[in-house]
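Grab a pencil and have a look at the model below. Then work through the exercises, and try each one before you read its solution.

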Amino acid sequence: MLKPTATAEDGANVYRPPKFAPTLMDKDKMSKQERNEARREKERWRSANQSPYMVELLNDLEGRPEEVRESVGT
């Protein structure tokens with residue numbers, strides 16, 4: 001059995017980009033203002049959790065033992 005040779009009409013020498021799988025877009029897409037507000041809120045939580053006052057308060061509420069710190073020379 002003979003195979004026909006590829007010709008220009010077959011499209012054998014034509015570039016075909018790879019096909020990508022379809023993806024779903026988020027239905028609850030947030031606006032720029034909402035994203036910025038969420039970022040600000042996240043940053044507020046992060047800074048509050050690093051505050052020595054908040055750390056001490058949370059340790060007291062959760063019943064954790066008090067940390068002993070020794071400072072020499074001050």
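**Exercise 1: a charged pair**

Glu37 and Arg40 form a salt bridge, with their closest N and O atoms 2.8 Å apart. Your task: work out where Glu37 and Arg40 lie, and how many residues apart they are.

Solution, step by step:

- Before you start: this is a predicted model, where local features need pLDDT of at least 70, side-chain atom pairs count only at pLDDT 80 or more, and totals for chains, interfaces and linings use all residues. Residues are numbered from 1 along each chain as its sequence is written, and side-chain values use heavy atoms, with hydrogens and water left out.
- Check the term: a salt bridge is a side-chain nitrogen of Lys or Arg within 4 Å of a carboxyl oxygen of Asp or Glu.
- Recall the general idea: side chains of opposite charge can pair when their charged atoms come close.
- Find the place: both Glu37 and Arg40 sit in helix H1 (residues 32-50), three residues apart, which is about one turn of the helix.
- Look at the cover: Glu37 is partly exposed at 37% relative accessibility, and Arg40 is partly exposed at 43%. Here buried means under 20% relative accessible area, exposed means over 50%, and partly exposed is in between (1.4 Å probe, protein chains only).

**Exercise 2: more bridges**

Your task: find which residue Arg44 meets in a salt bridge, and which one Arg46 pairs with.

Solution, step by step:

- Arg44 meets Glu41, at 2.7 Å from N to O. The two lie three residues apart in helix H1, about one turn of the helix.
- Arg44 has a relative accessible area of 43% and Glu41 has 34%, so Arg44 is partly exposed and Glu41 is partly exposed too.
- Arg46 pairs with Glu43, their closest N and O atoms being 2.8 Å apart. Arg46 and Glu43 are about one helical turn apart because they are three residues apart in helix H1.
- Now join things up: Glu37, Arg40, Glu41 and Arg44 are linked in a network of salt bridges. The structure holds five salt bridges.

**Exercise 3: the greasy patch**

Your task: name the residues that make the nonpolar surface patch of about 420 Å².

Solution, step by step:

- Know the rule: patches are made of residues with over 30% relative accessible area and no salt bridge, with like charges joined within 9 Å and nonpolar side chains (Val, Leu, Ile, Met, Phe, Trp, Tyr) within 5 Å. Areas come from the Shrake-Rupley method with a 1.4 Å probe, and for residues only the protein chains shown count as cover.
- Name them: the patch is made by Tyr53, Leu57, Leu58 and Leu61.
- Zoom in: Tyr53 lies in helix H2 (residues 52-62), and Tyr53 is exposed, with a relative accessible area of 59%.

**Exercise 4: the whole chain**

Your task: how many helices and strands does the protein have?

Solution, step by step:

- Count them: there are two helices and zero strands. Helices (H or I, at least four residues) and strands (E, at least two) are DSSP runs, numbered from the N terminus.
- Check the burial: buried residues make up 1% of the 74 residues.
- Finish with the surface: the protein exposes about 8300 Å², and carbon and sulfur atoms supply 56% of it.
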